[in-house]
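Student: I should like to work through this protein step by step, with questions and reasoned answers. May we begin with a single residue and then widen the view?

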Amino acid sequence: MNKLYIRIVSAEGLHGADLGGKSDPFCRLSINGKEIPDKIKKKGKIFDGETKIIKKTVSPVWNETFVLYVTPGNENSDHLLIQIFDHDKLSKNDSLGGVKIPLSDLLSGQPVSGAYKVVPLKKEKAKGKIHLKLHYCPIGVPFQTKEF
């Protein structure tokens, strides 16, 4: 399996969904919008599908790294989906938008860093940017830790 390393660094200027104009943001990762099946999840810190929740902010800093496994041959049609939510204890989590990144944009084998505009994924209010580092490693290509 090919590996996609994802570092969710931070976000800025997210929509404030709670009273007082703040949110309790966290991110959920998936490939093509489908939850990652348990059989390819890594236990522990490497991949659990979601970042930690950062309380009362619209500019969270997560600095968390994840590894997703990608089936070879699907790189030109698959995309990484990072959804951002406002955590709510007593009701459904509010969507704050997200980013959709085609894996075909990452096929150079080199680490990519950037700020991606948060866009609505349905009809929610979305604004701000999310800062990511991405490195797609096909089978046999070493992970370049210095640049990640």
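Student: Which residue of strand 5 stands opposite His79?

Tutor: The model before us is predicted. Strand 4 covers residues 79–86, and its pairing with strand 5 is antiparallel, over 8 bridges. Within strand 5, the residue that stands opposite His79 is Pro102.

Student: In what order do the strands of the open sheet with 3 strands lie?

Tutor: Strands of a sheet pair through backbone hydrogen bonds, either parallel or antiparallel. In this open sheet the pairing is antiparallel. The order of its 3 strands is 2-4-5.

Student: Why is one side of strand 2 and of strand 5 left without a neighbour in that sheet?

Tutor: Strand 2 comprises residues 25–31 and strand 5 comprises residues 94–102. Each has a single partner strand, so one side of each has no neighbour in the sheet. The reason is therefore their position, at the edges.

Student: By how many degrees are neighbouring strands of this sheet turned against each other on average?

Tutor: The direction of the strands is ignored for this value. On average, the turn between neighbouring strands of this sheet is 20 degrees.

Student: How many aromatic pairs are counted, and is the pair of Phe26 and Phe85 stacked or edge-to-face?

Tutor: The count comes to 1 aromatic pair. A pair of aromatic rings is described by the distance of the centres and the angle of the planes. The ring centres of Phe26 and Phe85 are 5.6 Å apart, and the planes stand at 25 degrees. Planes under 30 degrees apart count as stacked, so the pair of Phe26 and Phe85 is stacked.

Student: How far apart in sequence are the parts that this pair ties together?

Tutor: Phe26 belongs to strand 2, whereas Phe85 belongs to strand 4. The pair therefore ties together parts whose separation in sequence is 59 residues.

Student: Are Phe26 and Phe85 buried or exposed?

Tutor: A residue is buried if its relative accessible area is under 20%. Phe26 has a value of 2%, and Phe85 has a value of 10%. Phe26 is therefore buried, and Phe85 is likewise buried.

Student: Which strands are the edge strands of the open sheet with 4 strands?

Tutor: This sheet has the order 3-1-7-6, with antiparallel pairing. An edge strand here pairs on one side only. The edge strands are strand 3, residues 61–70, and strand 6.

Student: Which residue of strand 7 is the bridge partner of Leu4?

Tutor: Strand 1, residues 2–12, pairs with strand 7, residues 129–137, in the antiparallel sense over 9 bridges. In strand 7, the partner of Leu4 is Tyr136.

Student: Which residue of strand 7 is the bridge partner of Ala115?

Tutor: Strand 6, residues 112–117, runs antiparallel to strand 7, and 6 bridges join them. In strand 7, the partner of Ala115 is His131.

Student: What percentage of the residues in the protein chain is buried?

Tutor: The protein chain contains 0 helices and 7 strands. It has 148 residues in total. The buried share of these residues is 43%.

Technical notes: Residues numbered from 1 in each chain as written. Predicted model: local features only at pLDDT ≥ 70, side-chain atom pairs only at ≥ 80, totals over all residues. Heavy atoms only, no water. Helix = DSSP H or I, 4+ residues; strand = E, 2+ residues; numbered from the N terminus. Buried < 20%, exposed > 50% of the residue type's maximum accessible area, 1.4 Å probe, protein only. Pairing = 2+ DSSP bridges. Axes fitted to C-alpha atoms, helices over the stretch in contact; angles between N-to-C directions. Phe/Tyr/Trp six-rings, centres within 6.5 Å; stacked < 30°, edge-to-face > 60°.
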